[in-house]
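Here's a walk through some helices and a small sheet, with the way they pack against their neighbours. Have the model open as you read.

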Amino acid sequence: MPGENSVRDAGAPEKTREQVMAEREAKKLAKQAKKQKTPNTAASPATTIITEVEQTTITTKLTTTTTTTAKEKLELPSVVTANKENNNITQQQTNVVQANLENGNDVEAAEKSRDQIKADREAKKAAKQAAKAGKASGVKVEAATQQLANLKVSDKTPAAIATAPSAPEAHEKKPALSKAERRAIQEAQRAAKAQGLTKKPQPGGKAPPTGKAPPAGKAPSAAATSPSKDPKRESASPTKTTTSSSPSKSPQATSHSECRVKLFNHLVCAKGDSLFINDPLVHPAIARLGVQYAKRTVVGSNARCIAFLHALRQVVQDFETPAKKEFGRSLDAAVKHHVDHLHKCRPLAVSVSNAYKQFKNQLTQLPTDTPETELKELLGHFIDTYIENQIGKAAQAISGFLQEKITDGDVILTFACSSLIQFICEEAKRRQVAFRVIVVDSRPGCEGQEMLRRLHATGIPCTYVLINAVGYVMAEATKVLLGAHALLANGYVMARTGTAQVALVANAHNVPVLVCCETHKFSERFQTDAIVYNELSDPNQLVRGEKCQLNNWAAKGKLMPLNLNYDITPPELVSAVVTEVAILPCTSVPVILRIKPDIGY
């Protein structure tokens with residue numbers, strides 16, 4: 001009756017048409033929830049628990065979408081009190097409403113514009129962040145609800161309210177993060193949450209941005225409605241800074257990694273000492289030789305090859321064949337492990353690599369029906385024969401070819417220290433040829449001083465100069481005799497650093513350059529420069545003393561002294577190569593490599 005309706009509505013404000021429609025929609029959704037409700041879902045532990053703040057957010061979404069069409073100004077407290085009258089909506093019904101809103105099943109949500117959907121998402125994020133901040137800082141949920149209730153809704157759409165005051169800020173922050181970056185930030189936040197790192201206070205002791213209520217009459221900006229982005233960035237940024245920048249590194253640690261030139265990163269660095277002495281599978285003779293290689297007490301191609309073969313003989317003599325194993329194969333595996341150990345101490349010389357190849361070839365030719373003691377004797381005889389033929393008799397043959405070229409009054413210029421050049425000069429002295437030698441040396445090794453000492457001990461008159469004065473003494477020289485570390489297949493000579501400079505100066509003065517090299521130093525490798533393959537020596541050797549500018553170079557920032565062991569001399573600067581076979585041009589190296597197995601001594 002009209003009288004009853006007037007009495008019933010006297011104590012409450014009149015409801016608008018939009019509010020009545022909202023209540024009806026809520027009741028319909030409640031009925032649908034009761035129909036879909038089952039015992040399994042009621043007892044399911046995965047049911048989402050919605051706080052009062054999230055309930056307020058859901059009801060606000062339902063009311064604001066209807067009130068914005070009528071453009072009526074409604075405050076959030078009135079909306080909350082109007083929706084609290086719907087006490088028949090239970091906790092499970094609210095979950096169904098939220099699921100329908102997120103999946104797009106609600107009719108009202110389907111009719112929303114794109115801006116309204118964005119505003120709803122921002123409001124949902126603000127509610128979740130408020131709940132998290134309330135749990136972390138000890139603030140009650142009622143306080144966050146009260147702060148949300150103080151917010152006013154203007155006649156503008158929620159999207160316009162959220163984007164209008166903070167449009168420049170949104171354009172600055174959102175495009176800065178790509179999809180992959182946002183995904184990485186989310187993963188980092190999940191990991192931090194799992195480890196309990198989200199309970200840590202923010203830097204500076206400031207409260208979360210959601211804890212502050214904006215002044216009345218002003219709508220929250222995008223930064224205020226979406227405060228979850230900033231904590232994500234803050235949680236991900238410390239991990240990036242710790243991995244990218246490490247200020248605790250010492251200059252000495254960064255000098256070898258950051259200060260190395262990329263052009264030489266592939267080259268092998270020298271080691272000050274062997275780190276593999278305690279390997280139980282390494283023979284003591286090989287371990288001792290590895291230390292000598294690393295400390296540079298054994299230098300020179302021939303010296304390193306002879307020392308390797310003597311240590312290999314000890315390995316063969318002390319080797320015991322395992323049970324039910326073949327002698328040749330098991331010894332091959334053991335020798336390979338020892339060679340790898342030597343390579344770790346210092347890269348193998350070409351002469352050592354060739355000797356190892358010949359030894360492996362000999363292992364494959366061992367008879368299978370011979371006792372082990374006889375096989376060891378065969379291998380020992382092979383090692384002795386290799387040293388005698390490839391090094392000893394080869395030096396005598398090379399010296400014989402050069403004795404015809406050295407005459408009275410000759411001035412022989414040599415560089416650094418070479419055992420083969422020393423043998424040739426001593427043979428010429430025994431023949432009582434009147435000649436003198438100019439020894440050119442270079443830092444940091446100063447190996448020419450050892451060459452000077454050996455020649456002076458035999459009574460040969462010598463002159464000692466550094467490589468920077470080679471241009472002054474080259475005019476006096478009649479022949480240039482150079483040693484070699486290896487002779488490459490394309491005719492290039494690999495020798496001690498500085499050899500190419502001496503050959504270049506000799507070519508400019510029209511002085512013949514003769515390279516003395518045994519055939520066991522010939523290599524099948526092709527190389528045209530010293531960067532493709534080389535060996536780096538200790539950079540500290542370039543420091544001459546405390547007054548040197550390179551002193552304490554590791555602490556001076558991006559500085560890395562380069563100390564190359566070898567250089568490459570092109571065949572155009574070499575007159576001939578003297579081998580035990582004959583005096584040949586550099587281009588004959590492939591021919592020697594092809595016929596060498598048939599050469600007998």
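In this predicted model, let's start with a helix pair: helix α17 (residues 301-318) packs with α20 at an angle of about 170 degrees, and the two axes are 9 Å apart. An angle over 145 degrees counts as roughly antiparallel, so α17 is roughly antiparallel to α20. Which residues make the contact? On the α17 side you'll find N302, C305, I306, L309, H310, L312, R313, V316 and Q317, and they meet K376, L379, G380, I383, D384, Y386, I387 and I391 in α20. Sorted by character, the residues of this contact come out as 10 nonpolar, four polar and three charged.

Next up are two helices whose lengths can be checked against what their residue counts predict.

| Helix | Residues | Number of residues | End-to-end C-alpha distance | Expected span |
|---|---|---|---|---|
| α18 | 327-345 | 19 residues | 27 Å | 27 Å |
| α21 | 419-430 | 12 residues | 17 Å | 16 Å |

For α18, the distance between the end C-alpha atoms agrees with the expected span at 1.5 Å a residue. In α21, the reach from the first C-alpha to the last is close to the expected value.

What about burial? The buried residues of α18 are F327, G328, S330, L331, A334, V335, H338, V339, H341, L342 and C345. The elements covering them include α16 (284-295), α17, α19 (350-364) and α20. So the helix pair from the start turns up again here, since both α17 and α20 are among the elements that cover α18.

In α21, the buried residues are L420, I421, Q422, I424, C425, E426 and A428. Their cover includes helices α20 (372-403) and α22 (448-457), along with strands β4 (410-415), β5 (435-441), β7 (479-482) and β10 (513-516). After α21 comes Q432, which has a positive phi, near 60 degrees.

Finally, the sheet. Three strands make an open sheet in the order β8-β9-β12, with antiparallel pairing. At the edges sit β8 (486-487) and β12 (566-569), each of which pairs on one side only. How many bridges link β8 and β9? Strand β9 (residues 493-496) pairs with β8 over two bridges, in the antiparallel sense, and A486 stands opposite M494 in β9. Helix α24 (residues 499-508) packs on this sheet, where it touches β9 and β12, and its direction makes about 30 degrees with that of β12.

Definitions and conventions:
Residues numbered from 1 in each chain as written. Predicted model: local features only at pLDDT ≥ 70, side-chain atom pairs only at ≥ 80, totals over all residues. Heavy atoms only, no water. Helix = DSSP H or I, 4+ residues; strand = E, 2+ residues; numbered from the N terminus. Expected span 1.5 Å × (residues − 1). Buried < 20%, exposed > 50% of the residue type's maximum accessible area, 1.4 Å probe, protein only. Contact = heavy atoms within 4.5 Å. Axes fitted to C-alpha atoms, helices over the stretch in contact; angles between N-to-C directions. Parallel < 35°, antiparallel > 145°, perpendicular 65-115°, else oblique. Nonpolar A, V, L, I, M, F, W, Y, C, P; charged D, E, K, R; others polar. Pairing = 2+ DSSP bridges.
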